[in-house]
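User: I am new to this structure and would like a close look at a single part of it. Could you take one strand and its surroundings, and then lead me on to the charged pairs and unusual backbone places elsewhere in the chain?

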Amino acid sequence: MQNTATPTHCPYCALQCGMNLTPALAGSAGTVEVTERADFPVNRGALCGKGRTAPAVLSSRVRLTSPLVRSAAGTLEEASWEGALDRIAERLLHTRVAHGPDAVGVFGGGGLTNEKAYALGKFARVVLGTSQIDYNGRFCMSSAAAAGTKAFGLDRGLPFPLEDIPKTGCVILVGSNPAETMPPSMRYFHELRENGGKLIVVDPRRTRTAEQADLHLAPRPGTDLALALGMLHLVVAEGRTDEAYIEERTHGWEEARAAAMAHWPEYVERITGVSVPELREAVRMFCEPQAAMVLTARGPEQQSKGTDTVGAWINLCLATGRAGRPLSGYGCLTGQGNGQGGREHGQKADQLPGYRKLDDPAARRHVAGVWGVDPDSLPGPGRSAYELLDALGGDVRALLLMGSNPVVSAPRAAHVEERIRSLDFLAVCDVVLSETAALADVVLPVTQWAEETGTTTNLEGRVLLRRQAVAPPPGVRSDLHVLHGLAARFGVEKGFPTDPEEVFEELRRASAGGLADYSGITYRRLAEENGVFWPCPAPDAALVDGGEDAALDAPPEDDPAGEDDPAGEADAAPAPGTAPHPGTPRLFLDAFATPDGRARFVPVSHRPSAEEPDEEYPVLLTTGRVVAQYQSGAQTRRVDELNTAAPGPFVELHPRLATRLGVAEGDPVAVVSRRGRAVAPARLTTAIRPDTVFMPFHWPGAGRANTLTNPALDPTSRMPEFKVCAVRLEAVNSARVTGG
């Protein structure tokens, strides 16, 4: 290996921070070391502890290095790759023949590269012929995606780059704690305040992020919708609407206005616990500057009314003229590393590449043309993520799972674990032996970020190139090799290459003309330009084999593709033969991605959460993350430094509630919901509401927070209600504990 740095990106959150990987010094523990990459604009060299320690998971001490096959004795034993692939193909084929194609399910992940997500969706529909495919990103951004699509005609996490945040006048951060979930992003909010802008944080806990806000609103969990409606009511009552903007650029205001006016401030105070003076101050801060933003995360989105909740915050932006204008707009802080790209190219139940809808005949014709199959052979939409997991062992008898750990991350996790155990067959592709992989019949060890090349799309819509820095261990192959080998065993010899750039070239053609158009993006451009924002159409349709179907699929003339450049000036898509399209850092400056170019208000009203407190379960539980762990913890729990910082689960509760229970700091506390029981040490703090407890969800076992969470689904996004459920607390009569 040459003694040179390889520029690449962090494997964790949606910032996709830039980093350099250099060969480790002789005698050090790892094969590579992380060094600063100051030229990447998102993090400008800064990294959190997870990114800095990411090479630790490359160690053969913690990762899988050989296929595992369950023996007749019931144990996982090392096996050859050919034997493991043969076993998977035989069992999937047997299930399909015996029970039909929809008896085989596929479950993907928001950490898969664009190439893997694309190939996985194609494999499910072309090789297996199943409609039963979804991914864990359904649990992350789906409500924001649904609301954004309704309002704007297009979903991209942020419609502007992060660099715009310090230049705006006010940011309302709803249900997000970036100081712990994506620490390098906090510099943008610090710079916002240094420039005179205001930061409002909406969170039932006084988090590290809330501590740095100009105003912290602490609503009761599950009432973010009422809070947004109360603010919109005050905007109208105080004459702060932008009537010219509403008239010129929107539809549906009268209905949305009427719905908001039913939520007068005193009524909203009773629902949320946020006082009327605080509401008025938030409205003043948001409306006084010329530009402002609303950014949401999992807090308002992971609710059974998440789509409506995000829609209410979008309505606030539209009513005040703060969308589709420079330094203003609504955005979603996407969570997973490729949470944005992962929902664009086909691993969702209802989707085809390019953010096309699976039930759109023109979309089916275009993608089928790229794939060389009959459009009628493509299955229709299938079950959403939780509904798919709930069907395991019933209608769905066999499952191929890539890059996900639902035994820890899914709601009602004990039930999901039971459904997984009831499968006739489970195959898992992963880097480590996760809690889900430990239940599998076959486990395949696959490459991870530093061992492979591929693209991801960060929360800004910036497509990035991850570069291979080290060779994987001899017994490890990529997910693309897995799909290639399985497709061949099903008699499909072509169409599943193992070279990621070759897969990306096909993805370009498949996405051409879609909302998420990557056709003008190449690996070379990504390397030279530090990423390219989609949509980025190819200047010459012939380059992407668009043909008639691409024309049928093309967005309307006022689609935002190509509308703007980094300076914020509108650009038309280049004519054939001209220079490459520059990409689209800022969306909607001239028109929204709707047929008439206007945004849509969606009238919404407050409604209770699916599960409210009662005499038996009088306390609210909300869940989230801590700075030293990531998602289900499958990787970060294998890093010693991170485990020292965050060794196990805990129950955060107010001292007033602890006194009623007779619980002291560190005492074990049982949290009980209608779905199960979790036990973890108490952590007392006045930073949380007295009617609410908080648990992080990174750990399995007795302290598994998702044992408790409610799978009640949003009717539009099918998002489970992770963020609010009713529980009771019980003191546990045992020795005081300090970790999980």
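Analyst: What follows begins with one strand and its partners and then moves on to charged residues and to the backbone. Please keep in mind that this is a predicted model.

The strand to begin with is β17, which covers residues 425-430, and because six of its six residues are buried, β17 is largely enclosed by the rest of the structure. Both of its faces are covered, with Phe 425, Ala 427 and Cys 429 buried on one side, and Leu 426, Val 428 and Asp 430 buried on the other. As for its partners, strand β16 (residues 398-402) pairs with β17 in the parallel sense over five bridges, and within this pairing Leu 401 has Val 428 of β17 as its bridge partner. Strand β18 (residues 442-445) also runs parallel to β17, to which it is joined by four bridges, and here Asp 430 stands opposite Pro 445 of β18.

Turning to charged residues, we can start from a general point: side chains of opposite charge can pair when their charged atoms come close. In this model the count comes to 45 salt bridges. One of them joins Arg 586 to Asp 164, with the closest N and O atoms 2.9 Å apart. Because Arg 586 lies in the loop between α22 and β22 (599-600) while Asp 164 lies in the loop between α4 (142-152) and β8 (170-174), the pair ties together parts that are 422 residues apart in sequence. Both Arg 586 and Asp 164 are buried.

A further salt bridge is formed by Asp 242 and Arg 325, whose closest N and O atoms are 2.9 Å apart. This pair links distant parts of the chain, since Asp 242 sits in the loop between α7 (224-237) and α8, and Arg 325 in the loop between α13 (306-319) and β13 (329-332), 83 residues apart. Arg 325 has a relative accessibility of 33% and therefore counts as partly exposed. Salt bridges also link Glu 82, Asp 86, Arg 477 and Arg 489 in a network.

Charge can be followed on the surface as well, where Glu 243, Glu 247, Glu 248, Glu 254 and Glu 255 form a negative patch. Helices α8 (243-249) and α9 (253-261) each supply at least two residues of this patch, and the largest share, three residues, comes from α8. Glu 255 belongs to helix α9 and, with a relative accessible area of 48%, is partly exposed.

The last topic is the backbone, for which it helps to know that most residues other than glycine have a negative phi, and that most peptide bonds are trans. Arg 412 is not a glycine, yet it has a positive phi of about 50°; its place is in the loop between α17 (406-409) and α18 (413-421), and its relative accessibility of 31% makes it count as partly exposed. Gln 631, likewise not a glycine, has a positive phi of about 45° and is found in the loop between β23 (619-624) and α23 (640-645), but at 18% relative accessibility Gln 631 counts as buried. Finally, Trp 534 and Pro 535 are joined by a cis peptide bond with an omega of about -5°, and Pro 535 is located in the loop between β21 (532-533) and α22 (547-553).

How values were computed:
Residues are numbered from 1 along each chain as its sequence is written. This is a predicted model: local features need pLDDT of at least 70, side-chain atom pairs count only at pLDDT 80 or more; totals for chains, interfaces and linings use all residues. Side-chain values use heavy atoms; hydrogens and water are left out. Patches are made of residues with over 30% relative accessible area and no salt bridge: like charges are joined within 9 Å, nonpolar side chains (Val, Leu, Ile, Met, Phe, Trp, Tyr) within 5 Å. Accessible areas come from the Shrake-Rupley method with a 1.4 Å probe; for residues, only the protein chains shown count as cover. A salt bridge is a side-chain nitrogen of Lys or Arg within 4 Å of a carboxyl oxygen of Asp or Glu. Lys and Arg count as positive and Asp and Glu as negative; His and the chain ends are not counted. The place of a charge is taken as NZ of Lys, CZ of Arg, CG of Asp or CD of Glu. Buried means under 20% relative accessible area, exposed over 50%, partly exposed in between (1.4 Å probe, protein chains only). Two strands pair if DSSP finds at least two bridges between them.
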